[in-house]
Structure formats: structure tokens, C-alpha cells
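Student: Please give me a close look at how the inside of this one is packed. I'd like the full tour in one go, with the cut-offs for any terms you use.

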Amino acid sequence: MLWLLLLASAASSLVELDKATAHCNGIDLRGLTIKEVHLHYLTGRLTVEKVTECYLKRIHALNPSLNAVISTNPDAKSDAIKLDLKMERGEWGSLYGIPILVKDNIAVDGMQTTAGTLFLKDIFPKQEAIAVQRLRKHGAIILGKTNLSELSGLLFPDASDGFSFAGGQTKNPYNLTSDIFGSSSGSAAAVAANLAMAALGTETEGSLIAPSSVTSLFCFKPTYNLTLSHGTVPLARILDTIGVIARTASDTAILARALTSNPSLGNQNIGLRGIRVGVLEDYFSDPIAQTHANLIHLSLTHLESMGITLLRDISFQYQADYRYPIIRGMLCEFGQQMDEYLKNGTYRRCSANPKIQNVTSIMQWYKNYPASKNYTLAALNASMSDSCKSEPAFSLPKHRHNMQSSLAQFFTRRNLQAILVPSHPDLSAFTPANIAGYPTINLPIGFNSDGSSAGITLYGPANSDSLLLKLAQAFDSQAYRPKFLV
């Protein structure tokens, strides 16, 4: 009974801290869009320096209850001052002065990139991730690094989602006891709690969609190769894709354009009336999805009111036993690519662990760490197995080719431009898109009476990114909007 009282007290304290740090120069930061912040900059009501200070203050106040942020950027304030000077000179970018957090498996200059581990502390990437460079080019302020499922969760399937030894247990701001899912847990929790206006995360197998769907946020994963995974701690390079999390579809589109260096992405004059979207009813009729049945019904009705043609009662069939070889293939890629990352992609400070040189030494570190689990050691051992080279079933390029072929036939046969599935992480309905490297976007559709949020995911063929972003913006203009931290 005592723990319930303590939990209620923590939630109450969080609400009070949220209110106490909500305003910046008299303006409520919570829920502001990029365009609204830019308007305040132009009218002089806000400066980048002041906004940066206000968001860092919120992180300092709220993060101890959420564990969403692992570290803050020591250069954030000086970067903000430089941006204020640029505005005086008339220099302006689409993300000018927008405070953004970055998942801590993505390199940021001058900051450690731990991937949630203790052994990568003080082992620094040699070069900032291209994705971060692109955001900076457009004027973004990098506030810091977000927590995640350690090493993106691959080695810890029995651990709590959003937990890392470096950052602790990430909490869902809407319900401190509910699962935040992962692995981009901190990025989603931080945006939901208004610790930043947006965040970068990575998607390998639901790592963006899962936490975004339970925190009522938009997230967008571009077509593979539109954003480069260079500068990230590898999980499986052929699947790893950097994406964005934001509170509105319009902000998501602005971020996507900067992230991909494509100014027309989601900006084209694409007519939506008559667009054919396949509704995979097998997933929507699942008992897990049915817990959100009313919200799903309302969202589908809204899509139809936009002129979208929904094709119901269809299903996409693919190899049912794909999951084991995919996971084994990810382990194999991790073993090879982590060795390369440690050897050629990092430099060390004198305080860094000198023994961490390759996957073999990582396994030894976990052997000596008391909190490690046997599965972690078995997974690391499997990542170095000879079968990685000898077993064709573990080839991720082969699985990608097969999935792309299957989906291409399905889209063509049904004359579809997109597919719609429930976003609930336990259904993994978005898995085919991730294997194929196709774009995905999560649309938040509201909260149930018990406080749990729900989402639906759209995905389309390669390079259908603009269509998905246009659909999301049209959906967001009249549909459900996320609520504030409670």
C-alpha cells in the first residue's frame, strides 16, 4: 500500500513541476508548434537563448521523475547565443532556435554516446551523425541526449523497455507505471513531457513507433537511405534508420524535410481524394487492438471523411517464421558492425574503459557486471558465431529483398498507395515495412478512459514519404490533438 501512496505523490509532484516550469517570458511552452515559436522570435517575445534556458530548466525539474534524458549538451546555451546573433544578421533556417533532443545512440559533437551502456562512457564517436549535422544546418538547438533500451534492447529481451544501466528506467509521462516500450523510449517520453519540441530516435524493429504510440505522438521513419545511419552505435545497419518524434504532423513534416535534406518532402501538392489505403483487418480485429476499438473506429471514419478510400477485409500474408532468423541476423550484424564501430568510429578519453575493444571484450564486461543476465551473454556469443557467415537464413539482405518483393506485389495487385495497421507494439503489425526499409508514420488517435493512448500506423512503398506526411497533416488538422502532461 505504501508504494501506491508514494507513486501517487510522485505523479502529483510531477504535475506541479510541469505547471511551475511551463512558462517562458509569460508564454506557455507546452504544445507550441515550430511556426508558433518562430512567430515569437520574430516579434521579439522570445529569444533562442531564453527558450533554451527554459527547456533546460524543465529537464532539470522533470527528468528526475522520468529518466528521459541521459545528459544535457554543455554547449546548448552558447549555441543559442550564436543563433540569436544570426537572426540579427537575417540568417534563418526551418528549424531556427528549435530545441531538440537526440537519442543516445546517435553522435553529437562534444557529447558521449553511450547507447545506454556504462562501458561506452567516455568512448566518443569521431564524427557527429550526418542527421544531427543536417538539423544544425537548419538552425536546431541540440539540448542533449535521451535514454533508451540499452543497446536498443537487442541483448535484453527480458529487461523492462526503456531501461538502461546508464540512464535508469524511462517512465511514461502519462502514466508512471505503464510500459513506455522502446527502444527510443527517452525520445518519446521527453517530447510527451515537453522537455523538447522534438527528438531524434532510431527505428530497427518498432523502436520509434512503439514508444510514440503509447505517448500520443507522431513519429516518422523515412525510406531507408534517405537518412544515413552514419554516426550511430550500430544494431543492424541494414535496418537501422534515424527518424523523428514530434507532437504535431506539421512539425513532423518540417523535421523530415531537414532530416532528409529534401525541401519538398510532404510539401508537394498531392491530392488525397481517392487515395487507396488497405486496412489490414487481421490486426484490427485482434483483442489487443480491440481495447482501442472506439478510437480506431473514429480515426477510420475521419480518414474516409478526407476522401480516402479504405479497402477493408484484406490481409497481407508473408513468411510466418521470419522472426527468429531476423533476430539472429540482427545479432550477426551487430557482432560484425560493433567491432568496426569500436575500432574505427570512436576515440577515447583517458577515463574510458581500456578493455572495451570489440564484442568479445563487451561480453567479458557483462560477465563481470552483477546485474547482467544469462541471455545477454548468450546473445553476444551468438553474434560472433560461425553460423553468421555459413547460414543463409540469417542474411538480412535476403530477407529485405524477399519482403520488398512480397509487398510490391501486394501494393500492385490491390492498387494500394498505403497500408494501415494498429500501432500497438505487441502486434508488430508494422514489421513488414521495417524489414523492407519502407517509410512509416504513427498517427496518435487519442486516449481511452483508463488513460492509455492509441495510435495507427501508415506505411507505403519506397519513396512514398511525401504521401504519408501529407496524409498525416490532413489527418491532424481536424482530428485528435495530444494533451499536456498529466
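**The core and the helices around it**

Tutor: Of the 153 residues in the largest nonpolar core, L95, L195 and L200 touch the most other members. A core here is a set of buried Ala, Val, Leu, Ile, Met, Phe, Trp, Tyr and Cys residues joined through side-chain atoms within 4.5 Å. Keep in mind that this is a predicted model, where local features need pLDDT of at least 70 and side-chain atom pairs 80 or more, while totals for chains, interfaces and linings use all residues. Numbering starts from 1 along each chain as its sequence is written, and side-chain values use heavy atoms, leaving out hydrogens and water.

Back to the core: helix 3 (residues 48-66) gives it eight residues, the largest share. (Helices, H or I of at least four residues, and strands, E of at least two, are DSSP runs numbered from the N terminus.)

Let's zoom in on L195. Setting aside neighbours within four places in sequence, L195 is in contact (heavy atoms within 4.5 Å) with Y55, R58, I59, L62, N63, L66, A68, V69, L101, L143 and A190. Not every partner on that list is a nonpolar residue: R58 and N63 are among them.

That last name, A190, takes us into helix 6. Helix 6 spans residues 185-192, and eight of its eight residues are buried, meaning under 20% relative accessible area with a 1.4 Å probe and protein chains only (over 50% is exposed, in between partly exposed). Going along the helix, you meet S185, G186, S187, A188, A189, A190, V191 and A192, buried one after another.

What does the covering? Among the elements over the buried residues of helix 6 are strand 4 (99-103), strand 6 (141-146), strand 9 (198-203), strand 11 (241-246) and helix 7 (209-213). Just after helix 6 there's a small backbone detail to spot: N194 takes a positive phi of about 60°.

Now follow strand 9 out towards helix 7, and in the loop between them you'll find T204. A loop residue, then, but T204 is buried, since its relative accessible area is 4%. The T204 side chain makes a polar contact of 2.7 Å with the side chain of D240. (That's a pair of N or O atoms within 3.5 Å; within protein, one must be able to donate a hydrogen and the other to accept it, and sequence-adjacent residues count only through side-chain atoms on both sides.) D240 isn't alone around T204: leaving out residues up to four places away in sequence, T204 also touches L235, L239, M330 and N434.

For a second helix to set beside that one, try helix 13 (359-368). V359, S361, I362, M363, W365 and Y366 are the buried residues there, and their cover includes helix 12 and helix 14. At the N-terminal end of helix 13 sits a cap, N358, with a side-chain oxygen 3.2 Å from the backbone nitrogen of T360.

Carry on past helix 13 and, in the loop before helix 14 (374-383), you reach P370. Here's your counterpoint to T204: P370 counts as exposed because its relative accessible area is 75%. For a sense of distance, P370 and K343 are 27 residues apart along the chain, and their C-alpha atoms are separated by 27 Å.

So if you're clicking around, try the two loop residues one after the other: T204 is buried, whereas P370 is exposed.
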